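Student: I've just opened this one and I'd like to know where the labels come from. Can we go through them together?

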Amino acid sequence: MQERLKKILEEARQELSGAASVKDTEDTRIKFLGKKGQLTEILRSMGSLSPEERKELGQAANQVRAEIEALLADTASRIKEKAREARFRAEAIDVTEPGKPAKLGTKHPITITIEEIARVFKSMGFSLAEGPEVETVFNNFDALNAGPYHPSRDLSDTFYINDEILLRTQTSPVQVRTLLAQKPPIRVFAPGRCFRCDTPDATHSPMFHQVEGLVVDEGITMADLKGVLDSFAKQMFGPETKTKFRPHHFPFTEPSAEMDVSCFKCGGKGCRVCKGSGWIEILGCGMVHPNVLKVGGVDTERYTGFAFGMGVERIAMLKYGIDDIRLLYENDVRFIEQFK
Ligand code: DAH
């Protein structure tokens with residue numbers, strides 16, 4: 001029996017020295033100390049022995065059990081320590097490894113164009129005004145002298161949300177908001193998104209940008225309008241730029257005009273950009289209609305004003321030679337990167 005105990009201890013020691021997992025250790029424990037384990041069986045079989053033999057063997061068996069238990073504990077902590085080390089090795093970070101360079105984005109051509117327009121008007125003493133993209137029908141049409149039957153209200157051009165709310169079709173409602181919020185003298189520009197129910201093609205997009213302008217003060221005349229917009233054109237497209245004003249119609253201005261600039265590509269000789277005419281249409285403008293000033297509570301006997309509105313996409317496309325408006329909304333980085 002003593003011999004068997006020795007062999008059990010030896011075998012347990014051997015097994016545990018090769019144990020590589022918690023499961024291996026547990027298997028060994030069951031094999032020797034479990035309910036049907038080898039050592040348990042020896043202890044159980046001692047009933048048939050004499051009291052002295054039982055005492056002697058009992059002591060020896062208990063000692064072997066204690067030693068195996070100690071071995072099991074050692075093995076368990078050795079395995080745990082090994083797992084910890086392996087985890088540390090796997091999680092190690094090489095802090096000396098060079099970082100990946102962060103790629104800087106570029107500004108969108110629409111942003112660049114709006115910033116350039118803003119810079120010019122700021123230099124002439126204009127301040128920024130803003131309005132919401134979701135507007136009232138009143139601010140977008142009625143207050144701008146486009147009565148209930150004006151064609152620009154047509155369902156096919158306007159995204160109506162309900163009878164009173166729409167997606168603004170122009171930045172002109174910012175004029176109304178400004179007139180209601182400020183007292184003359186007023187000198188603001190208002191860039192922003194507009195929406196019209198157009199099918200996308202090379203020159204149309206249901207979402208586009210405009211920059212609006214409004215000046216109201218005592219003694220403002222058409223000469224101020226022409227002076228400011230001519231100066232804008234020269235700062236935006238170059239000092240040689242010429243301007244001309246053609247009569248036009250807008251419900252919120254009277255008289256109204258469109259401004260053309262001499263072609264900045266060919267200087268007026270005629271080319272592809274200006275379609276051979278030497279001139280490029282750039283914006284709509286006019287003297288603010290008294291009905292609009294009245295909505296804003298402005299004393300029309302004392303004050304007059306002018307307003308203008310331009311399409312940002314059109315200017316950006318002309319300036320950068322972009323021939324399809326859809327390119328501006330595809331977010332192809334290879335396209336956008338060209339306009340640094
Ligand atoms: N809102 C006009 C449009 O979308 C552009 C415009 C024309 C604005 C004349 C003005 C203006 O302020 O005076 O076509």
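Tutor: Sure, let's take the helices and then the sheet, keeping in mind that this is a predicted model.

Student: What makes H2 roughly antiparallel to H4?

Tutor: Look at the angle. Helix H2 (residues 22–33) and helix H4 (residues 51–91) pack at about 170°, with their axes 10 Å apart. Angles over 145 degrees count as roughly antiparallel, so H2 gets that label against H4.

Student: Which residues of H2 meet H4?

Tutor: On the H2 side they are Val22, Thr25, Arg29, Phe32 and Leu33, and they meet H4 residues including Ile68, Leu72 and Ile79. Sorted by class, this contact has seven nonpolar, two polar and three charged residues.

Student: Now the sheet. How do you know that E6 and E7 pair?

Tutor: Pairing takes at least two bridges, and strand E6 (residues 243–250) shares seven with strand E7 (residues 253–262), in the antiparallel sense. One of them links His248 to Ser256 in E7. A hairpin of two residues joins E6 to E7.

Student: And what about E7 with E8?

Tutor: Set against that cut-off of at least two, E7 and strand E8 (residues 279–288) have eight bridges, again antiparallel. There, Thr253 is partnered with Val288 in E8.

Student: Why are E1 and E6 said to stand at the edges?

Tutor: Follow the order of the seven strands in this open sheet: E1-E4-E5-E9-E8-E7-E6. E1 and E6 each have a single partner strand, so one side of each is left without a neighbour in the sheet.

Conventions: Residues numbered from 1 in each chain as written. Predicted model: local features only at pLDDT ≥ 70, side-chain atom pairs only at ≥ 80, totals over all residues. Heavy atoms only, no water. Axes fitted to C-alpha atoms, helices over the stretch in contact; angles between N-to-C directions. Helix = DSSP H or I, 4+ residues; strand = E, 2+ residues; numbered from the N terminus. Parallel < 35°, antiparallel > 145°, perpendicular 65-115°, else oblique. Contact = heavy atoms within 4.5 Å. Nonpolar A, V, L, I, M, F, W, Y, C, P; charged D, E, K, R; others polar.
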